[in-house]
Amino acid sequence: MKGFLRKLELPEFVKDTRLTASLIIVLVLSLLGAIIGMLISPLFGLAMVLLFILTVIFAVYGIYVLAGNTNNYAANLSYRIKRGEQEAMIKMPLGIMLYDKDRQIQWINPYLQMYLHDKDIIGSSISSVDKELAKYIDDAIKSNSKQNKIIKWGDRKFEMVVQDDLGVVYLLDITRYANIEEKYKQERLAIGLIFIDNYDELSQAMGDQNLTNMSSYVQTTLSKYAGQFNSYLKRIDEDHFILLTHMHDLAKMEDNKFSILDKVRTESSRKNMPLTLSIGIAFGSESLNEIADQAQSNLDLALGRGGDQVVVKQSGHEARFYGGKSNPMEKRTRVRARMVSQALVELFKGVDHVFVQGHRNPDLDAIGSAIGIVKIARIHGVKASVVLDVDHVNYDVGRLIAKMQAAGIDKDVFISPKDALEVATDESLLVLTDHSKYSITYDPELYKRLKNRLIIIDHHRRGEEFPENPMLVYIEPYASSTCELVTEMIEYQPQGGEGVLTDLEASAMLAGITVDSKEFSLRTGTRTFDAASYLRSIGADTQVVSELLKENIDNYLQRSHLVSTIDMIEPNMALLMGEDNKIYDPIITAQAADTALSLEHVDASFALTRRSKDVIGISARSMGNVNVQVIMEKLGGGGHLSNAATQIKGVTVEEAKDKLLAAINEYLKENE
């Protein structure tokens, strides 16, 4: 009996206290039944005793059988699990590698062996077997990340897990799923909006036959281009098209640099109907409405930069620009100038104070146009001021302020940034002149205070950095200066210019036009001369303009010194550099770049000087063959095709030079 009990190994579930208690209760009841039976009748009691003995025997035997069956089941299940694990490690599509502390391979399963071409690798280091795989493993160990990594090993993709503490690498082949994901990304939809920049201007002067020919040429050319890249093109109206394409076809268009721009510009010029295109393309969102809205924003950005270019941008990402090789053509109309002038006056109604500020280190164009806006506001009974610290200005602006103070006129036209911030309320309005990049605005604190009540008037091409939801935007890259735009607004005021500007203020605005047009030699259209003529007619004095623009001897010598450092970094490209330990006035730097451009065999010039302790400034000029705007944008700046600039923080002059040369090389490669 003791041997039997020793052989009897009860499973864990039989040792459960609840089951044991139930069994004891049954046996106790059986025993009580036998005792009671003996008291009632010896015969009946004997029967009950026999029944009790049989119950005990059956219970013990049943437990023994149950224990045996359970042990057999558990052993069989354990064997099957271990066998399954072994089969999985050997046959399942999961590569497994064991390695030691010296990164030597101790074991790999047959599935991973297939990718190593049946090499005998046990005992070899991972790097000697496959350097690419070893690098991935090293990178995963160094990153100390618990997340799975996706790697491209050879021509396949794997999801890799490295457990360095155990010396195990797991590689799951996900090539099929990666290909599906890549196909999904490549076949996402991109929406493009195409606009013919100057269709209206040309069509007004054309007869029906020529207009039909022009319309047919545009339709045919764009349809062929779309067909070349398997894209869908639909004409919306005379000068608008919609383009639908897949991402992989869009990538081909980008590789092609959107040659359609050059094709249309060149061929249409030969046909005596010079057309240019502006295109905005967007992608990336799950909502087609959002993609369409982004495409329209991209088209607006392309138009704001002067047209004849493509803007490709996904919401929340940086834009990519193509084209923009031609000088902007003057296409704004007097109707728009009058409408903007009226809209400006409407916005002034109900405003308690209008603040106007230009860019940092404002020039006569920024200050002159700001004064013009202030005077427009004041003739309509609205308080207005130019935000400027009059004690810290450039020499030309300083001369203007001195003349205004000497004449005793408009003493309150300027307000300091500190006072402006104190006076500003939720009913105030901020006007930005001669710039649209908030990072270079004169007083950032005032901008933050009034960024939801903002008006922008500028003649520079619109960049990616642009305020959100301004109340009014008037950006005309075709204008010579912001003073030219503001002059046209003044013309359409009910009182006329004579009731708005004093002679000195008109002279200041004429000086602003003169400065930015380089004495009417660059970016000068018929409207530029119209504006200058109008200012002259209401009191602008060319002698005062000359006095404002006079250069002092020290500045002249500094400019001459910069020009003397000229270095031809590329054929027809000149570089001027100031000393790293000397701070130059930005106007002197710009003038030096202009002077270099006037020299023979110089089509583009770059003047690089230190502006402050930690800022290097670059002024770029060109005759139009080199798009200096694109080069400056690569360095965080912007401007016009022929006139641009940027500022770089935290570098030396030599380091800034290296960055500039890299940007120029990149530009030249893109335009080979």
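## A five-stranded sheet, two cores and three loop residues

Five strands form an open sheet in the order β2-β1-β5-β4-β3, and their pairing is antiparallel. The strands at its edges, each paired on one side only, are β2 (105-108) and β3 (149-153). On average, neighbouring strands of this sheet are turned by 30 degrees against each other, direction ignored. The model described here is predicted.

### Inside the sheet

Strand β5 can be followed through its partners. Residues 168-173 make up β5, and this strand pairs with β4 (residues 156-163) in the antiparallel sense over six bridges. With β1, strand β5 pairs over five bridges, again in the antiparallel sense.

Which residue of β5 is the bridge partner of Gln163? The partner is Val168. Val162 has Val169 in β5 as its bridge partner, and Val169 also has Met97 standing opposite.

The link between β4 and β5 is a hairpin with four residues between the two strands. Gly167 lies in that turn and has a positive phi of about 70 degrees.

Helix α6 (residues 131-143) lies across four strands of the sheet, namely β1 (94-99), β3, β4 and β5. Relative to β3, the helix runs at about 165 degrees.

### An aromatic pair

Five aromatic pairs are present in the structure. In one of them, the ring centres of Trp153 and Phe158 are 5.5 Å apart and the planes meet at 50 degrees, so this pair counts as tilted. The reason is that planes under 30 degrees apart count as stacked and those over 60 degrees as edge-to-face, with the rest as tilted. Trp153 and Phe158 are both buried.

### The chain as a whole

The protein chain has 25 helices and 23 strands. Of its 672 residues, 46% are buried. The chain exposes about 34200 Å², and carbon and sulfur atoms supply 54% of that area. Taking contacts between residues at least 6 apart in sequence, 64% join residues at least 24 apart.

### Nonpolar cores

How many residues does the largest nonpolar core have? The count is 71, and the residues with the most contacts inside this core are Phe348 and Val354. Helix α14 (residues 364-379) gives the most to the core, with eight residues.

Beyond its neighbours within four places in sequence, Val354 touches Phe348, Ala377, Val382, Lys383, Ala384, Ser385, Leu429 and Val431. A second core, separate from the largest one, has 32 residues, including Ile196, Tyr225, Leu275 and Phe283.

### Loop residues

Two loops hold the residues treated next. Most residues other than glycine have a negative phi. Asn230 has a positive phi of about 55 degrees although it is not a glycine. His601 is likewise not a glycine, and its phi is positive, near 70 degrees.

Asn230 is located in the loop between α9 (208-228) and β7 (232-237). His601 is located in the loop between α23 (586-597) and β20 (604-612). Phe229 is also found in the loop between α9 and β7.

Is Phe229 buried or exposed? The table gives its state with those of Asn230 and His601.

| Residue | Relative accessible area | State |
|---|---|---|
| Phe229 | 7% | buried |
| Asn230 | 59% | exposed |
| His601 | 57% | exposed |

The cut-offs explain these labels: Phe229 counts as buried because its 7% is under the 20% limit. Asn230 counts as exposed because its 59% is over the 50% limit. His601, at 57%, is exposed because that value is also over 50%.

Where does the side of the chain around Phe229 meet other residues? Leaving aside neighbours within four places in sequence, Phe229 is in contact with Thr245, Asp249, Lys252, Met253 and Asn256. Leu250 is 21 residues from Phe229 in sequence, and the two are 7.9 Å apart in space, C-alpha to C-alpha.

Notes. Residues numbered from 1 in each chain as written. Predicted model: local features only at pLDDT ≥ 70, side-chain atom pairs only at ≥ 80, totals over all residues. Heavy atoms only, no water. Pairing = 2+ DSSP bridges. Axes fitted to C-alpha atoms, helices over the stretch in contact; angles between N-to-C directions. Contact = heavy atoms within 4.5 Å. Buried < 20%, exposed > 50% of the residue type's maximum accessible area, 1.4 Å probe, protein only. Areas by Shrake-Rupley, 256 points an atom, 1.4 Å probe, with all protein chains shown as cover. Core = buried A, V, L, I, M, F, W, Y, C linked by side-chain atoms within 4.5 Å. Phe/Tyr/Trp six-rings, centres within 6.5 Å; stacked < 30°, edge-to-face > 60°.
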